[in-house]
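Please read the following note alongside the sequence and the structure. The points are numbered so that each may be checked in turn.

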Amino acid sequence: MVCTSDTHTVAGAIGDRENLTLGHEAVGIIYKLGSAVKGFKEGDRVAVNAITPCYLCENCQRGYTSQCQTILGGWKFANLKDGNMAEYFHVNSAQANLTPIPDSISDDVAVYTTDMMSTGFMGAENANIPIGGSVAVFAQGPVGLMATAGARLLGAGLIIAVESVPARIELAKKFGADVVINFEETDPVQAILDLTDGQGVDSAIEALGAQKTFEDCIKVTRPGGTISNTGYHGHGDYVKIPRLEWGVGMGDKTIRTGLCPGGSERMKRLLRLLEQRRVDPTPMTTHTFSFDEIEKAFEVMDKKLDGIIKPLIIFGD
Ligand SMILES: [Zn+2]
Ligand SMILES: [Zn+2]
């Protein structure tokens, strides 16, 4: 699948990259297996998370596998090595990063575990949602939609989504939002405070990567609550924190950040959710392209044309 991160990569958000194959969301069939990789055989159908940590370095051993070796260093495809929008791609530390796909799950469904489900659910997990608690999710792109679904799975009692695009508003409701605030019609901060008796939410999830939504997350989170950032803040030198709503630095508001968690143990759990039909991400697949049309898919994703949410790229027939 093409990811908005791929278009950010092309735009230089992670610095200059040359002669590097794009792509980090893919499933495939094992073509050749290294002699050290146990428990798999050539021909197995597998999912590979966008993030492929080494599981050996100090940060991995400390439990921060997405920060493998260095900050964001778990992200290797199309960042530190060739990505996987290709007929063949190499999986490092394969023993830990290959996950068999159960027969009952087709490729077009399984591919959502490689980034959107893992990242979106991480947004909800990092938000420390109390059972029955209130959550605001800012932006309902594919990551925000999966954060909404994740909040629902984790037992949130009130899920408030913030979005303006009609098709995304509909999907937000489908994935579990109880209320959707259209920020073009209503001030989301005031609306969220009104919905929570002026208290604010227990948890706010930032799923866009913009100053305004990040600030709003801090403004709508009650003391003791958690702001969970999944958005990719690709511009400027600083992200500013609203001082007063932050309790001038003493408001007991936690800000958590993270990058798509990888590894086969997590991938197995994500695939289990698909197998048990706890969630069906496929309504997000708005477009399908053949591999030959990949440049077109990129353009549609980059410019967010034609109501696109996620484009699926298919090899062969
Ligand atoms: Zn992605
Ligand atoms: Zn590592």
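Are C57 and C60 buried or exposed? Both of these cysteines are buried. The model under discussion is a predicted one.

1. The zinc site. The zinc ion (ligand 2) has four protein donors, namely the SG atoms of C54, C57, C60 and C68, which lie 2.3 Å from the ion. Along the chain, these donors follow the spacing C-x2-C-x2-C-x7-C.

2. Geometry at the zinc ion. The angles subtended by the four donor atoms around the zinc ion (ligand 2) run from 98 to 122°, and the arrangement is therefore tetrahedral. For comparison, the ideal angle for four tetrahedral donors is 109.5 degrees.

3. The enclosed helix. Helix α5 covers residues 116–126, and 10 of its 11 residues are buried, so the helix is largely enclosed by the rest of the structure. Among the buried residues are M116, M117, F121 and M122, and also G120, G123 and N126.

4. The surroundings of α5. The cover over the buried residues of α5 includes two helices, α6 (142–153) and α10 (264–275). It also includes the strands β7 (201–206), β8, β9 and β11 (310–314). After α5 comes N128, which has a positive phi, near 50°.

5. A nonpolar surface patch. On the surface, I241, W246 and I255 form a nonpolar patch, and together they have about 210 Å² of accessible area. I241 is found in the loop that joins β8 (221–229) to β9 (254–257). The relative accessible area of I241 is 34%, so this residue is classed as partly exposed.

How values were computed. Residues are numbered from 1 along each chain as its sequence is written. Chains are lettered from A and ligands numbered from 1 in the order in which they are written. This is a predicted model: local features need pLDDT of at least 70, side-chain atom pairs count only at pLDDT 80 or more; totals for chains, interfaces and linings use all residues. Side-chain values use heavy atoms; hydrogens and water are left out. Patches are made of residues with over 30% relative accessible area and no salt bridge: like charges are joined within 9 Å, nonpolar side chains (Val, Leu, Ile, Met, Phe, Trp, Tyr) within 5 Å. Accessible areas come from the Shrake-Rupley method with a 1.4 Å probe; for residues, only the protein chains shown count as cover. A salt bridge is a side-chain nitrogen of Lys or Arg within 4 Å of a carboxyl oxygen of Asp or Glu. Helices (H or I, at least four residues) and strands (E, at least two) are DSSP runs, numbered from the N terminus. Buried means under 20% relative accessible area, exposed over 50%, partly exposed in between (1.4 Å probe, protein chains only). Contact means heavy atoms within 4.5 Å. Donors are N, O and S atoms within 2.8 Å of the metal (3.2 Å for Na, K and Ca); water is not among the atoms, so sites may look incomplete. Four donors count as tetrahedral if all angles lie between 85 and 135 degrees; four count as square planar and six as octahedral if opposite donors are over 155 degrees apart and all others between 65 and 115; anything else is irregular.
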